[in-house]
Amino acid sequence: ETARPAYKRVLLKISGEALMGDQGYGLHPPTVQRIAKEIKIVQAMGVEICMVIGGGNIFRGLAGSAQGMERTTADYMGMLATVMNALAMQSALEGVGVFTRVISAIRMDEVAEPYIRRRAVRHLEKGRVCIFAAGTGNPYFTTDTAATLRASEMSCQAIFMGKNGVDGVYDKDPKTNPDAKRYDAVSFDEVLRKNLRVMDASAIALARDNKLPIIVFSLDEPGGFRGILSGQGTYTTVS
Ligand code: UDP
């Protein structure tokens, strides 16, 4: 008998870069398909899954504004990038037989459902993966904030931050510091005080205020997401 997962409803947050593979830009369909399979395994365990995907593989508002674009316009472009990623993920999930809904914070009825909280909850109860697109719908926010907001609204038990190339939260950047140490557990306050790289500060503060734990893990290991949900593997719990 397989261990029953401790979680009934979770939100998986991945960055846009998680979908670009080794290309350095844009979408790499085989990578999206690999992640879709990880989600399918977890869904088969009976866990209700929300998703938020970033847009940094296509466009970041700050980068646009640094090059002279008006900031809010650049941010809307970033939000549109997250919609493209959400549609790619929907296609990959449906390709492996997982029903999904893309739910956009910016109305575009031909492409995605509008965000209506009770309707989204109903989708989850029916076993559909809800991919929340277009961030919060507001400039000056990030998809980390969107993840915390939607996880709170959907009463998720935790946010799972799927990372590439790193299996948790470290005291220093492990890519440049071989002596960096991984935390098994760390508090929200310590993350904020030491400016540890988990999420941006406003997203961390929102998670803290709503008592929403964040579990940072690596999406690189096949079956890793399932393992983490059953408490196996290495990860960091921020709570
Ligand atoms: N964005 C925004 N409001 C939101 C979410 C996202 O304006 O609520 C914009 C912002 O410009 C951001 C871009 O969308 O740079 C892509 O999102 P993010 O940088 O969070 O993506 P990630 O780094 O996770 O790939």
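This passage describes the fold, the ligand surroundings and two loop residues of a predicted model.

The UniProt record, an unreviewed entry, places the feature "domain: Aspartate/glutamate/uridylate kinase" at residues 8–218. Across residues 8–218, helix accounts for 39% of the chain and strand for 18%. The C-alpha atoms at the two ends of this stretch are 21 Å apart.

The sheet is open and is formed by 9 strands. Their order is S4-S3-S5-S2-S1-S6-S8-S9-S7, with mixed pairing. Strand S4 (113–114) and strand S7 (185–186) are the edge strands, each of which pairs on one side only. In general, strands of a sheet pair through backbone hydrogen bonds, in either a parallel or an antiparallel manner. At the S7 edge, 2 bridges join S7 to strand S9 (residues 236–238), and the two strands run parallel. Val186 has Val238 of S9 as its bridge partner.

Helix H1 (residues 29–44) lies across three strands of the sheet, namely strand S1 (9–14), strand S2 (48–53) and strand S5 (129–133). The angle at which H1 runs to S2 is about 155 degrees.

The ligand is surrounded by 24 residues, of which Gly54, Gly56, Gly61, Gly78 and Gly135 are the closest. Two or more residues of this shell come from each of helix H2 (61–66), helix H3 (71–95) and helix H5 (143–153). The most is given by H3, with 5 residues. By residue class, the shell around the ligand comprises 14 polar, 6 nonpolar and 4 charged residues.

Two residues other than glycine have a positive phi. Tyr140, with phi near 70 degrees, is placed in the loop between S5 and H5. Tyr140 has 12 other C-beta atoms within 10 Å and is therefore exposed, since the limit for that class is 12 or fewer. Ser155 has a phi of about 55 degrees and is found in the loop between H5 and strand S6 (158–163). Ser155 likewise counts as exposed, because its C-beta neighbours inside 10 Å number 12. H5 thus borders both loops, the one from S5 that holds Tyr140 and the one leading to S6 that holds Ser155, and H5 is also among the helices that give two or more residues to the shell around the ligand.

Terms used: Residues numbered from 1 in each chain as written. Predicted model: local features only at pLDDT ≥ 70, side-chain atom pairs only at ≥ 80, totals over all residues. Near = placed C-beta within 6 Å. Helix = DSSP H or I, 4+ residues; strand = E, 2+ residues; numbered from the N terminus. Nonpolar A, V, L, I, M, F, W, Y, C, P; charged D, E, K, R; others polar. Pairing = 2+ DSSP bridges. Contact = placed C-beta atoms within 7 Å. Axes fitted to C-alpha atoms, helices over the stretch in contact; angles between N-to-C directions. UniProt positions renumbered as here; feature names shortened; annotations may be inferred. Buried ≥ 20, exposed ≤ 12 C-beta atoms within 10 Å, placed from the backbone.
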